[in-house]
Amino acid sequence: MCGRYALHGPSSRIREQFDLNGEFEFGPRYNIAPTMKVLVVHPGQRGERVASTYRWGLIPCWAKDVSIGAKLINARGETVAEKPAFRAAFRRWRCIVPASGFYEWRAVQEAGRTIKQPYFIRPREKGDLFGFAGLTERWVSPEGEEVRTCCIVTTDANELMMPIHDRMPVILKADDYGTWLESDHTETGNLCALLRPAGASGMIAYKVCRAVNSSRGESATFVEPV
């Protein structure tokens, strides 16, 4: 799964990598958790790429209340095209979630007990960004309030991730951003072909401080190796 990540660095870097139009405000954030506001890249009204903030945790349009969103932070790439909670978003409302890196936890033995050691996984080139495959939805409450939400698509772990966790976010290649963001005319098979593990050679993973275990913390030190 992908349940925590970071996005920091200059806005100009985000704008350049994702070829964004318009202004946006976000970050730096070092401990982004489900139900928080996150930055997503999606097509604008004229087809241009824009960035907006959405709530992390997909709420399907048919949901009765927002509580389901906390359970739908990730969508498995293997079943995303068929699952009722995700299939409409997969066909029509795909997005990219920019990230400086993500956290994952590995169970280790220490002093006779099992603890969860956090790791940070980021691009090998410091300052580069990941582009996670994501989905968005628009939900309207019974009171008429509009809530825009998103989730991150996951896939099997690559060689780097396997010792830490058996799943990882789908990290799109820059050349595939356009295909992923195209309208619903894109063939499902072409989209599913993108939902594969990223190459391990472009990533690094290292232990970080356990303060990140709490979703309430926020510090630049969380992404530094220990």
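This is a conversation between a student and a tutor about how the terms used for one predicted model are justified.

Student: What should I know about the model before we start?

Tutor: The model is predicted, so local features need pLDDT of at least 70 and side-chain atom pairs count only at pLDDT 80 or more, while totals for chains, interfaces and linings use all residues. Residues are numbered from 1 along each chain as its sequence is written, and side-chain values use heavy atoms, with hydrogens and water left out.

Student: What makes up the secondary structure of the chain?

Tutor: The chain has four helices and 12 strands, where helices (H or I, at least four residues) and strands (E, at least two) are DSSP runs numbered from the N terminus.

Student: Why is the chain called as compact as a globular protein of that length?

Tutor: The radius of gyration is taken over C-alpha atoms, and the globule rule is 2.2 Å times the number of residues to the power 0.38. For 226 residues the rule gives 17 Å, and the radius of gyration of the chain is 17 Å, close to that value, so the chain is as compact as a globular protein of that length. Along the principal axes, the C-alpha atoms fill a box of roughly 55 × 35 × 35 Å.

Student: Why is W105 called buried?

Tutor: Buried means under 20% relative accessible area, exposed means over 50%, and partly exposed lies in between (1.4 Å probe, protein chains only). W105, which lies in strand β7, has a relative accessible area of 18%, so W105 counts as buried. T154, in strand β10 (residues 146-156), has a value of 3% and is therefore buried too. Over the whole chain, 49% of the 226 residues count as buried.

Student: Which residues does W105 touch, and how do you know that they are in contact?

Tutor: Contact means heavy atoms within 4.5 Å. Not counting residues up to four places away in sequence, W105 touches R4, K116, Q117, P118, I164, V212 and N213. With those neighbours also left out, the residues that T154 touches include M1, C2, N74 and R167. Among contacts in the chain between residues at least 6 apart in sequence, 64% join residues at least 24 apart.

Student: What makes T35 and A111 stand out, and are they buried or exposed?

Tutor: T35 is not a glycine and yet has a positive phi of about 80 degrees, and A111, likewise not a glycine, has a positive phi of about 55 degrees. T35 is found in the loop between β2 and β3, and its relative accessible area of 41% falls between the two cut-offs, so T35 is partly exposed. A111 is in the loop between β7 (101-110) and β8 (113-123), and because its relative accessibility is 78%, A111 counts as exposed.

Student: How do you know that a space is a cavity and not a pocket?

Tutor: On a 1 Å grid over the protein atoms alone, a cavity is a set of points where a 1.4 Å probe fits but cannot get out, whereas a pocket is an open set with protein on both sides within 12 Å along at least five of seven lines; lining residues have an atom within 4 Å of a point. Grid points are joined across faces, edges and corners, and a volume is the space filled by probe spheres set on the points. The structure holds one cavity of 30 Å³ or more, and the largest cavity has a volume of about 30 Å³. The largest cavity is lined by L7, H8, G9, P10, S11, I14, F26, G27 and P28. Two of these names, G27 and P28, are joined by a cis peptide bond, with omega of about -5 degrees.

Student: What is the volume of the largest pocket, and how do its lining residues divide?

Tutor: The largest pocket has a volume of about 360 Å³, and of the 20 residues that line it, the closest to its centre are F130, I171, L172, K173 and A198. Ala, Val, Leu, Ile, Met, Phe, Trp, Tyr, Cys and Pro count as nonpolar, Asp, Glu, Lys and Arg as charged, and the others, Gly among them, as polar. By that division, the lining has 11 nonpolar, four polar and five charged residues.
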